[in-house]
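Colleague: I've got the fold open on my screen, and I'd like to know how the labels people put on it are earned. Can you take me through a few?

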Amino acid sequence: MNPCNPDLVHALRGGIVESFHRGALAIVDGDGALVRALGDIQRPIFPRSACKVLQALPLVASGAADAFGLSDAELALACASHSGEPAHAATAASMLAKAGLDVSALECGAHWPYADSAIKAMARAGEQPSALHNNCSGKHAGFVCVGCLMARAAGREPAEYLRGYIAREHPVMREVTAALAATTGADLAQAPVGTDGCSIPTYAIALRQLAHAFARVGSGIGLSDDHARAAKRLRQAVAAAPFHVGGTLKFDSRVMQRLGARVFCKVGAEGVYCAALPEQGLGIAIKMDDGNTARAAEVVMAAVIEALLPLADDDAAFMRGFSDAALVNWNGIEVGRLQAGGALRQALGGPAVGAAAPARP
């Protein structure tokens, strides 16, 4: 944990702060200018699943999305960390079928769905999870579609060509890495590299560069024509089918169902969150020091959206429900609150903790 990073989120109980969540935040415009920053935004961090829209750019830019007639829901799933609900698994299977393949082509591994309802339904039916239920199955189905188009151009058999596509040196992964480098401006040849949960390479990139990449995704500034077109198409798809980028109870889906194309936000593992605000031309990147995603990172992202995006009163109240959330025990009793801290509110130009929110137009 970086001791220079401020306390961004507080968990309160009994009138005192029970837990502090430190982290860093970068907000950047399409030209790369730093709009606001908290903490160490130059330290390389692994973006994990927060950068899936960047990894999905070749799916559209290559022509694979058009070649296989992918729908909005399928393109949204290519950007998703989904809950493994039946519609998610079916959509991933549909993407593969359009490319002439099936679940055996996926190299992301299998795990039980994240959605409790889906787990219980499968257990009642005596079913086992497959790679379709992996939260990254849509991203990997997108990789498969790109590889199938490459195989077709090379006169190769798709299943054979795709074998090992998760490896750093495979042509599919080279295209994905090139898109990540082009959007972030990072020298990935020199960056620390690890292996992500879904087995593809993950590169360490500074928060400022990640925020710049998302500003570019939202504005098209600094992108090649193909990548700008792809970014716009993917944002439109997610706005049209936000359920597919997360799931029934997921922050990303709920926020984008509410605010539509005004926000593109994406969670990543280990306390990473990124977003684009297209109307403002801004990109956002967050990293919580303790890796807390479901609790702290969502609070920070909600506070940023609430502060930077002009919202009607009901939408502002909706976002405040995430940035200043009640903690409730199993008896339904409110036992505390999870709040954006004063340092974060002050940096964003918003009200201090406990203050009333200003009226929004």
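Modeller: Let's go through some helices and then a few single residues, keeping in mind that this is a predicted model.

Colleague: What makes α5 roughly parallel to α7?

Modeller: Helix α5 (residues 86-98) and helix α7 (residues 137-154) pack at an angle of about 5°, with their axes 9 Å apart. Angles under 35 degrees count as roughly parallel, so α5 is roughly parallel to α7.

Colleague: Which residues of α5 and α7 meet?

Modeller: On the α5 side you have Ala-92, Met-95 and Leu-96. They meet Ser-137, Gly-138, Ala-141, Gly-142, Val-144 and Cys-145 in α7. Sorted by class, that contact has six nonpolar, three polar and no charged residues.

Colleague: And why are α12 and α14 called roughly antiparallel?

Modeller: Look at the angle again: helix α12 (residues 251-259) and helix α14 (residues 313-323) pack at about 170°, and their axes are 11 Å apart. The cut-off for roughly antiparallel is over 145, and therefore α12 and α14 get that name.

Colleague: What does the contact of α12 with α14 have, by class?

Modeller: Six nonpolar, no polar and four charged residues. From α12 come Phe-251, Arg-254, Val-255, Arg-258 and Leu-259, and they meet Asp-314, Asp-315, Phe-318, Met-319 and Phe-322 in α14.

Colleague: Now α9: how do you know that its length agrees with what a helix of 14 residues should span?

Modeller: Helix α9 covers residues 171-184, and at 1.5 Å a residue it should span 20 Å. Its end C-alpha atoms are 20 Å apart, so the two agree. Just after α9 comes Gly-185, with a positive phi near 75°.

Colleague: Which residues in α9 are buried, and what puts them on the same side?

Modeller: The buried ones are Val-172, Met-173, Val-176, Thr-177, Ala-179, Leu-180, Thr-183 and Thr-184. They cover an arc of only 155° around the axis, so they sit on the same side of α9.

Colleague: Take Val-172 from that helix. Why is Val-172 called buried?

Modeller: Its relative accessible area is 1%, and buried means under 20%, so Val-172 qualifies. Leaving aside neighbours within four places in sequence, Val-172 is in contact with Phe-143, Gly-147, Met-150, Leu-162 and Tyr-165. Met-150 is 22 residues away from Val-172 in sequence, yet 8.1 Å away in space, C-alpha to C-alpha.

Colleague: What makes α10 largely enclosed by the rest of the structure?

Modeller: The count does it: 10 of the 13 residues of α10 are buried, so the helix is largely enclosed. Among them are Leu-207, His-212, Phe-214 and Arg-216. Gly-220 follows α10, and its phi is positive, near 80°.

Colleague: How do you know that Ala-11 counts as buried?

Modeller: Ala-11, in strand β1 (residues 7-13), has 2% relative accessibility. The limit is under 20%, so Ala-11 counts as buried. Not counting residues up to four places away in sequence, Ala-11 touches Ile-16, Val-17, Glu-18, Ser-19, Arg-295, Arg-337 and Leu-338.

Colleague: Last one: Ser-83 is in the loop between α4 and α5. Why is Ser-83 called buried or exposed?

Modeller: Buried, because its relative accessible area is 4% and the cut-off is under 20%. Beyond residues up to four places away in sequence, Ser-83 touches His-88, Pro-113, Tyr-114, Ala-115, Gly-246, Gly-247 and Lys-250.

Technical notes
Residues numbered from 1 in each chain as written. Predicted model: local features only at pLDDT ≥ 70, side-chain atom pairs only at ≥ 80, totals over all residues. Heavy atoms only, no water. Axes fitted to C-alpha atoms, helices over the stretch in contact; angles between N-to-C directions. Helix = DSSP H or I, 4+ residues; strand = E, 2+ residues; numbered from the N terminus. Parallel < 35°, antiparallel > 145°, perpendicular 65-115°, else oblique. Contact = heavy atoms within 4.5 Å. Nonpolar A, V, L, I, M, F, W, Y, C, P; charged D, E, K, R; others polar. Expected span 1.5 Å × (residues − 1). Buried < 20%, exposed > 50% of the residue type's maximum accessible area, 1.4 Å probe, protein only. Arc of directions from axis to C-beta.
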